Amino acid sequence: MKFFEMVAKAEQKNVSHLCIGLDPRRSQVPQHIQENESALFDFCAAIVDATKDLASSYKPQIAYFAAEDASDVLKSLINYIHDTTTIPVILDAKRGDIESTTERYAVEAFEVYKADAVTANPYLGIDGVAPFTKYENKGVFVLCKTSNNSAHQVQDRLLGNGQRPVEHVAELASAEWD
């Protein structure tokens, strides 16, 4: 099944458009499980178990798992979501680079972690997005506008054609990178 069909099915089943972010920090895991070897997995799995009738997607942020040296936990968590729900997983990686590197990021997201979709950074151009789109049944969320405080320094500037970069990227993503 294609990614957006999976989302639509989950939205219909749970009557929800809720995407649940999974951004664990060991220091924020409840004290009673913090020392367990499986604390990060147990914490995230408990969130999934508590919300699987509310969510239309889950979005683990790869940096939180990487900072905890927990790529194995991320793999296990994505497998757990796939095994216990029909809710798709968006790997929040914001990856994008030259084409050869982005090809490896696509393998990481879709073959190693088995995510159903990924977030991609398009600011290197189509090379930073195209390798993700080669995975036919997977989704790609192209970063256009971010919520960080300094985003306006780049994303809201006016280009020579009167557009802001955020508008230009959105236009490219919808018209040329589809």
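I began with strand 3 in this predicted model. Strand 3 is joined to strand 4 (residues 117-120) by three bridges, and the two run parallel. I looked up the partner of R95 and found A120 of strand 4 opposite R95.

Next I traced the whole sheet. It is open, has three strands in the order 3-4-5, and its pairing is parallel. Strand 3 (90-95) and strand 5 (139-142) are the edges; each has a single partner strand, so one side of each has no neighbour in the sheet. I noted an average twist of 25° from one strand to the next.

Then I turned to helix 6 (residues 99-112). I checked its length: 14 residues at 1.5 Å a residue should span 20 Å, and the end C-alpha atoms lie 18 Å apart, which agrees. I listed the buried residues of helix 6 as T102, A106, V107, E108, A109 and F110. I asked what covers them. The cover includes strand 3, strand 4 and strand 5, along with helix 4 (62-67) and helix 7 (130-133). Just after helix 6, I found K114 with a positive phi of about 65°.

Last, I looked at the largest nonpolar core, which has 38 residues. Which of its residues touch the most other members? They are Y58 and L91. Helix 5 (residues 71-84) gives the most to this core, with five residues. I followed Y58 further, leaving out residues up to four places away in sequence. On that count Y58 touches I20, L22, V48, T51, K52, I81, I87, P88, V89 and I90.

Conventions: Residues are numbered from 1 along each chain as its sequence is written. This is a predicted model: local features need pLDDT of at least 70, side-chain atom pairs count only at pLDDT 80 or more; totals for chains, interfaces and linings use all residues. Side-chain values use heavy atoms; hydrogens and water are left out. A nonpolar core is a set of buried Ala, Val, Leu, Ile, Met, Phe, Trp, Tyr and Cys residues joined through side-chain atoms within 4.5 Å. Buried means under 20% relative accessible area, exposed over 50%, partly exposed in between (1.4 Å probe, protein chains only). Helices (H or I, at least four residues) and strands (E, at least two) are DSSP runs, numbered from the N terminus. Contact means heavy atoms within 4.5 Å. Two strands pair if DSSP finds at least two bridges between them. Axes are lines fitted to C-alpha atoms, for helices over the stretch in contact, and angles run from 0 to 180 degrees between N-to-C directions. The expected span of a helix is 1.5 Å times one less than its number of residues.
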